[in-house]
Amino acid sequence: MMLGLLLARAGVEVTVLEKHRDFLRDFRGDTVHPSTLRLLDELGLGESFAKLSAGRLEQMRIRIGDTTLVLADFRRIPGPHKYIAMVPQWDFLDLLATAANTEPTFTLRMNCTVTDLLRDATGRVTGVRYSDEGNTVHELTAGLTIGCDGRWSSVRRAAGLRGATYDLPMDVWQVRIPKADNARDSEVFGRFGHGRAAVTMDRGEYYQTAYLIEKGTDAARRNEGIAAFRSELADLFGWSEDQVSDLRSWDEVPLLKTDMMRLYRWYDSGVLCIGDAAHTMSPVGGAGINLAVQDAVAAARILSRPLRQGRVDNEDLARVQRRRTLAVKITQRSQHNEHEMLIRPALNGTLDEHRLPAPLRALRHIPPLRGLTAYLGGIGLRPEHAPAFARPRAVR
C-alpha cells in the first residue's frame, strides 16, 4: 500500500492486488515505529494518523523472575515521535488506501488472489495471473511486478527466488485476554524465565498476547489441555482466573510458525520482492512492518523514473536490494542475538534473574544505553525519507 501510494504520487500507473475483501485480520504487526511516523508526517498524513485510536509505547519492559528491565527507552531518541504507536494494522492500511485512492493513477483491487506470473518468450515476467472472488481467472500485464505478499509470498515462489534460512528457537501461540479494570493502558511487557516466555500488548479492552513455545512442540503442548495453558498464563502475568476463563478451546489459540529468511537476490527480470517476501523477519520487536515500509520508500525513489520511462532493467532492481540489504542484515543479526540471549535460554530454563547476560546487565545499570537500543529498534540503520515527488507542497 505504501509503495502504491508513492508510485501513484510519482505519476506511475499502479495496481495493488489484495486477496482479502478487507484488511480486518488479527495478530498482525500493529507497531508503527518512529521512522514510519516521521515518514507519515513527510507525506502529509501525520494528522490523519494521529486521529486513529492508538496507544503509545515509550519504553519496552520485560521481567525476568522478580527483576524488571527496560530494554529500550524511546523518550531518549531524537525527533518529534519519541514512542512506538500501537494501532491496528487494518486502520493503518485503510489510511494509506484512502490517501492512494485520491491519486488518478492508483487502482486497488480487493478479493484478487495472485496464482502465477506471466512471462514473455525470453522468460521476463510481464505481469500476473489472478483469480477474483468468483474464481474467475484474469491476467494483468505490467512493466514491473512487485511481490509485497509477506512471508509465504506467492510471487517469490513463482519467480523461483531462493534464499538463506536461519534457525529460530520458537513458535508463537497468539491469544486475547480481557483486561482487568485497574490495568495500565498502552503497556507492552514481557515475562521470561523458568522455561516460559511471553509478551503482551495492551489493546484497550484486551491484551494481545504472544506466548512463545519451543519450535516444533505445538502438538505435544496442546495435548496437555487448554486448562494447563490457562493456568500458565495466569501464573506468568498475575492474571485472575476470571480473566483467562474465556479461553475455552485450542481453536482460540492460533499458531504462528516463525522463520527468518533472506533472499540471495530479491529480483529477476521484470519482478522484485520487498518486505517479508524478500527477508522474512522474526516477530521480535515488530521490525517486519517497518522494514517493509522502508523498502517501499527506497523502491519508489529508485524505480519511479525508469517506470515513467517505460523500462525497468535488472540494474535498477539491484539498486533497491543494495540500498536496503545492510539495514536488513543488521536487523536480522540483532534479532538473532536476542533469540540466543533471551528467548532460547528462557524456553530451555537456563535464564533467571541471577544469570542475566552481560548486555542485559549493562542496560540495567547504564540508562543511556536504553536510548541507543531504542534508536536502533525504532529508527534503525539507514531510515528512508519520503521522495520530494511524494510530499505535499506544504511539507517539501
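Where does helix 9 bend, and by about how many degrees? I looked this up in a predicted model. Helix 9 bends at L303, by about 45°. A proline, P306, follows within four residues.

**Entry: helix 9, length and setting**

I checked the span next. Helix 9 covers residues 287-309, which is 23 residues. At 1.5 Å a residue, they should span 33 Å. I found the end C-alpha atoms 34 Å apart, which agrees.

Then I looked at burial. Of the 23 residues, 17 are buried, so helix 9 is largely enclosed by the rest of the structure. I also looked just past the end of the helix. G310 follows helix 9, and its phi is positive, near 95°.

**Entry: T36**

I moved to helix 2, residues 34-42, where T36 lies. Is T36 buried or exposed? Its relative accessibility is 0%, and buried means under 20%, so T36 counts as buried. I listed its contacts, leaving aside neighbours within four places in sequence. They are F92, N290, V293 and Q294. Helix 9 runs over residues 287-309, so N290, V293 and Q294 of that list belong to helix 9.

**Entry: the sheet**

I turned to an open sheet of three strands. The order is 2-6-3, and the pairing is antiparallel. Strand 2 (31-32) and strand 3 (55-57) stand at the edges. Each has a single partner strand, so one side of each is left without a neighbour in the sheet.

I followed one pairing further. Strand 3 pairs with strand 6, residues 84-86, over three bridges in the antiparallel sense. Which residue of strand 6 is the bridge partner of L57? I found I84 there.

Conventions
Residues numbered from 1 in each chain as written. Predicted model: local features only at pLDDT ≥ 70, side-chain atom pairs only at ≥ 80, totals over all residues. Heavy atoms only, no water. Helix = DSSP H or I, 4+ residues; strand = E, 2+ residues; numbered from the N terminus. Expected span 1.5 Å × (residues − 1). Bend = angle between axes of the 7 residues up to and from the residue. Buried < 20%, exposed > 50% of the residue type's maximum accessible area, 1.4 Å probe, protein only. Contact = heavy atoms within 4.5 Å. Pairing = 2+ DSSP bridges.
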